[in-house]
Structures are given as structure tokens and as C-alpha cells.
Amino acid sequence: MPTFKDFKLPDLGEGLTEGEILKWFVSPGDEVKLNQPIVEVETAKAAVEIPSPYAGVVTALHHGEGDTVDVGSPIITFDVDPSGSAGSGSSGAATDDGVAAPAQTKVAAAADMVPQIPHEPGLAGGPAPKANTEEKIEVLVGSGPKSGKLTRRPRKADVAAAAPSTKAAPVSAPIRPAAEEIHVLAKPPVRKLARDLGVDMTGLTGSGPGGTVTRADVEAAVNGSPTRPVPAADGSRERRIPIKGVVKMMAGAMVESAFTAPHVTIFTTVDVTPMMELVERLRATKDFADVRVTPLLVVAKALMVAVKRNPLLNSRWDEAAQEIVVKDYVNLGIAAATPRGLIVPNIKSADSLSLPDLGRELTELVSTARDGKTAPADMQGGSITITNVGVFGMDNGTPIINPGEAAILCFGAVRDMPWVHNGEIAVRKVTQLSLSFDHRIVDGQTGSQFLADVAALLNDPALFLAWS
């Protein structure tokens with residue numbers, strides 16, 4: 001007799017309450033092996049492939065691609081004994097919770113045509129309704145827990161049930177169908193790309209065979225091509241991007257930081273010609289043969305040397321304990337722009353790494369982030385951050401401090417500029433640096449000294465030997 005096992009969405013990172021199903025790798029009737037990837041889920045921190053906790057046959061997928069699911073809700077059901085070798089029992093097959101599987105699931109399994117069955121809280125096979133109690137919600141790592149209610153976005157069924165039943169009034173203008181009701185022809189990778197980039201596929205005209213939307217169509221929409229988007233029936237030329245996943249997490253973190261920590265930003269301009277010469281020499285050195293040496297590597301090293309001289313920049317404000325927590329290690333955060341939004345992964349104990357190892361870690365961190373594979377643990381526990389706006393051609397900025405940290409360094413573009421050098425005007429490599437810091441922890445003198453130290457190291461790399 002079949003033995004059914006429900007698998008519930010796990011907490012893929014500390015304090016997460018929900019996740020969005022990006023892609024199913026299996027379908028009802030598929031046979032799966034233990035630890036075989038079955039679904040890709042996007043949380044507020046990263047996109048993660050979840051392996052199967054069982055070996056057996058998939059009997060039901062309880063949520064479709066694009067659905068937002070609460071942590072602890074069943075997402076898939078397996079028959080872990082499809083041959084019935086475990087023997088027959090009662091008429092209801094037990095799940096891993098000891099609850100008899102719904103009759104409709106068993107019938108569908110017998111027919112090998114199992115529909116996707118939504119499990120809402122309070123329904124048979126679903127999680128119990130959540131109590132209206134205060135719980136601890138973890139926000140971006142480092143900012144500590146805050147009290148609040150675990151909530152989720154209302155689903156369409158919830159909204160429909162709550163809305164009063166009224167007779168629709170006659171309208172004279174045509175109504176555009178909801179996005180969910182418009183059938184769009186596109187392959188799964190293209191749909192995923194559209195979700196990642198926030199493109200509404202219902203507003204695109206497919207250029208592929210039979211009107212299929214292609215990757216080029218999606219990318220053209222992002223680049224603002226006027227030939228792809230189809231205007232709405234009411235003539236609107238607007239589109240709405242859902243606030244969820246990484247974007248939702250980062251927006252909440254930035255608002256919290258901006259309205260919790262009093263920000264102060266200071267600026268300096270520095271001749272980094274010696275730093276750029278050092279970069280070229282390192283690239284030609286045997287020890288750096290397999291390392292991608294960039295100016296950011298030297299800036300990162302300079303920051304960590306400056307932290308040792310000004311340790312308050314590498315600390316956090318503990319509101320509950322009314323203490324400033326000074327960290328004797330540097331978990332170096334690097335702000336990274338990804339297709340899903342801005343994230344800040346960090347290199348653990350970066351101050352203990354040699355320069356070649358730091359370069360390798362930086363390369364791996366950025367590559368993993370751009371591929372959307374950053375693990376939630378890699379975005380936890382940062383102590384100070386660098387944002388490199390120079391890669392976008394920008395000279396400077398006023399960055400917002402990552403919650404749970406005391407400072408963020410902004411590194412601008414390196415440009416050829418006229419500069420007074422040895423009493424004469426010369427063309428030099430010049431950049432701008434800015435530092436935002438939490439004025440509860442860091443006063444103006446300390447923040448200025450830290451930024452001056454970073455600038456001095458970039459202007460005269462020999463100071464690395466004197467100050468290390």
C-alpha cells in the first residue's frame with residue numbers, strides 16, 4: 001500500500017517566513033532519488049535549490065511556479081513505498097505528521113494524474129492557522145531580532161473570500177484581463193529570466209515561432225525597446241514590478257537603517273597613481289598568477305588596516321543591551337548588484353587572509369552573487385562594507401549603512417585628472433572616496449581619521465608595511 005510523505009517548505013535562512021517557488025524540477029509521477037534537487041525557491045536572501053528528503057514517486061505538487069509559500073507549509077507529497085512492500089494498513093495512508101492523506105490525493109495517485117492541490121492554512125493537509133501572537137522576526141543579519149507578527153502577502157483566494165459579494169456594475173470600456181489570466185507562450189528559462197528582471201510578460205509581443213516570447217524579447221523590454229511592450233487596453237504605458245524576494249528584503253533593511261542610525265557622510269579626493277602602479281606590479285608577480293588583481297583588492301586591504309587603527313568603525317549598536325559591540329574580526333561585506341537586486345555577501349575573517357587569498361575570495365564572492373547562488377549564511381554577520389560605484393562610472397555616492405554595521409566605504413571611478421604633484425601640474429590617477437558612518441558610534445574626528453588612513457594607504461602603499 002502506498003505510503004505518503006508531505007515535505008514542508010523549510011526555513012532556508014535564519015528568521016525567513018516565506019519563499020517564492022521559482023521552478024519545479026519534478027512533476028507528479030516522477031521517480032526521485034534521495035537528495036535529488038526538486039525545486040528552486042527564492043527567499044528574501046537568495047535563490048536556493050532544495051534537495052528531496054525522500055526517495056520515491058512524486059504524487060502531488062501543492063503550489064505552482066510563482067506562488068509565495070509560508071515556511072512550514074507542504075509543497076510536495078511523495079509516495080515513499082510505491083510498490084506497497086511495506087504492507088497494507090488502514091484505508092488512509094499516513095503522512096509524516098501521522099495524518100491520513102486526503103482521499104482526493106490517493107485517488108489521483110492511483111490514476112497517476114495528480115492535480116496540484118493548494119494547501120491553505122486551516123484546510124485538510126495544510127498547516128494549522130497561525131496564532132495572532134507576537135513573535136521574534138529576524139531582519140537583515142546584524143540588526144538583531146525585532147518584535148512583530150509573522151505575516152505574508154494575501155493570496156488571491158484570501159482576497160476573494162474577504163471581498164463582499166456585490167453585483168458588477170455595467171462598464172462601457174473593455175477591462176484588461178488579469179496577468180494570471182493571459183496565456184503567454186514562453187519556455188521556463190525565459191519565464192524565470194522575466195521574473196528575475198521584473199518584466200511583465202503579458203505586455204510583450206513574442207518574436208519566436210507562434211508568438212513565443214524569447215530571451216531577446218525580455219532583454220529588449222528591460223532596455224526600454226519601444227517595439228516590444230504592448231500598451232494596455234486603457235492606453236496605459238506603465239508596468240508594475242512586484243516587491244518581493246531580495247528587493248523586498250533590501251528595501252526594508254535600507255529603510256530601517258536610514259531611520260534608525262543617524263548617518264553622516266564625508267568625502268575625500270586622493271591621488272592613487274601609486275596604487276595603480278602597485279596593481280600592475282602584483283599582476284606580474286608569480287604569487288598572483290591565478291588571482292584577479294583589481295584596485296578593489298587594494299582598497300579592501302587598506303580598509304582592514306585602517307580598521308585596526310580605528311576599531312569603532314568595525315562595530316555595531318546593541319540597543320537592547322545599551323552597548324557598542326566592537327568586533328576583533330572583519331567580516332568584509334561587498335555590495336553586489338545582481339539580476340534579483342542588491343545584496344551584500346561578506347568574506348568571513350577577511351582580515352586574517354593573505355592578499356592573494358583575499359583576491360581569490362573577492363572573485364568567488366562576486367561571481368557567486370552574479371549567478372544568484374549566494375547562500376543565506378554568506379549574507380549574515382557582516383561587520384563593515386565596501387560599495388564600488390566606480391564600476392558604474394560614478395565618482396562618488398552617499399551610501400546607506402548596512403543594518404548591524406557602523407560604516408560603509410564608497411569607492412569611485414579612477415580617472416586621469418590634472419593634479420599638483422611635486423609642485424607641478426601633472427596627469428595623475430585620481431579617485432574619490434566617501435564614508436557613511438553611524439554617528440551614535442563614530443564621531444566626526446574618528447570617521448575622518450579612518451577615511452584619511454584609507455586615502456593615505458592608497459596614495460602611499462609603503463604605509464602598509466609601517467601600519468600592519
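Me: How are α7 and α9 oriented relative to each other?

Reply: An orientation class follows from the angle between two helix axes, and angles of 65 to 115 degrees count as roughly perpendicular, while those over 145 count as roughly antiparallel. In this predicted model, the axes of α7 and helix α9 (residues 444-459) cross at roughly 135° and come within 9 Å. The two helices, α7 and α9, are therefore oblique to each other.

Me: What is the handedness of the crossing of α7 and α9, and which residues make the contact?

Reply: The crossing of α7 and α9 is right-handed. On the α7 side, the contact involves V298, V299, A302, L303, V305, A306, V307 and R309, and α9 contributes F450, D453, V454, L457 and L458. By class, the residues of this contact of α7 with α9 comprise eleven nonpolar, no polar and two charged.

Me: At what angle do α6 and α7 pack?

Reply: Helix α6 (residues 273-283) packs against helix α7 (residues 295-309) at about 115°, and their axes are 9 Å apart. That angle makes α6 roughly perpendicular to α7. Their crossing is right-handed. From α6, M275, M276, L278 and V279 meet P295, V298 and V299 of α7. The residues of the contact of α6 with α7 are seven nonpolar, with no polar and no charged ones.

Me: How should the packing of α7 and α8 be read: is the crossing left-handed or right-handed?

Reply: The angle and the axis separation are read together with the handedness. For α7 and α8, the angle is about 120° and the axes lie 10 Å apart; the crossing is right-handed. L297, A300, K301 and M304 of α7 form the contact with L355, L358, G359 and L362 of α8. The contact of α7 with α8 contains six nonpolar, one polar and one charged residues.

Me: Which elements supply at least two residues each to the lining of the second largest pocket?

Reply: A lining can be described by its extent, its contributing elements and its chemical classes. The second largest pocket has a volume of about 800 Å³. Its lining has 34 residues, of which L296, I334, A335, N388 and V391 lie nearest the centre. At least two lining residues each come from α5 (245-258), α7, β15 (336-338), α8 (355-370), β18 (384-388) and β19 (407-411). The most is given by α8, with six residues.

Me: How many nonpolar, polar and charged residues does the lining of the second largest pocket have?

Reply: The lining of the second largest pocket divides into 22 nonpolar, ten polar and two charged residues.

Conventions. Residues numbered from 1 in each chain as written. Predicted model: local features only at pLDDT ≥ 70, side-chain atom pairs only at ≥ 80, totals over all residues. Heavy atoms only, no water. Axes fitted to C-alpha atoms, helices over the stretch in contact; angles between N-to-C directions. Helix = DSSP H or I, 4+ residues; strand = E, 2+ residues; numbered from the N terminus. Parallel < 35°, antiparallel > 145°, perpendicular 65-115°, else oblique. Left-handed = near helix turned anticlockwise from the far one by under 90°. Contact = heavy atoms within 4.5 Å. Nonpolar A, V, L, I, M, F, W, Y, C, P; charged D, E, K, R; others polar. 1 Å grid on protein atoms, 1.4 Å probe; cavity = no way out; pocket = protein on both sides within 12 Å on 5 of 7 lines; lining within 4 Å. Points joined across faces, edges and corners; volume = space filled by probe spheres on them.
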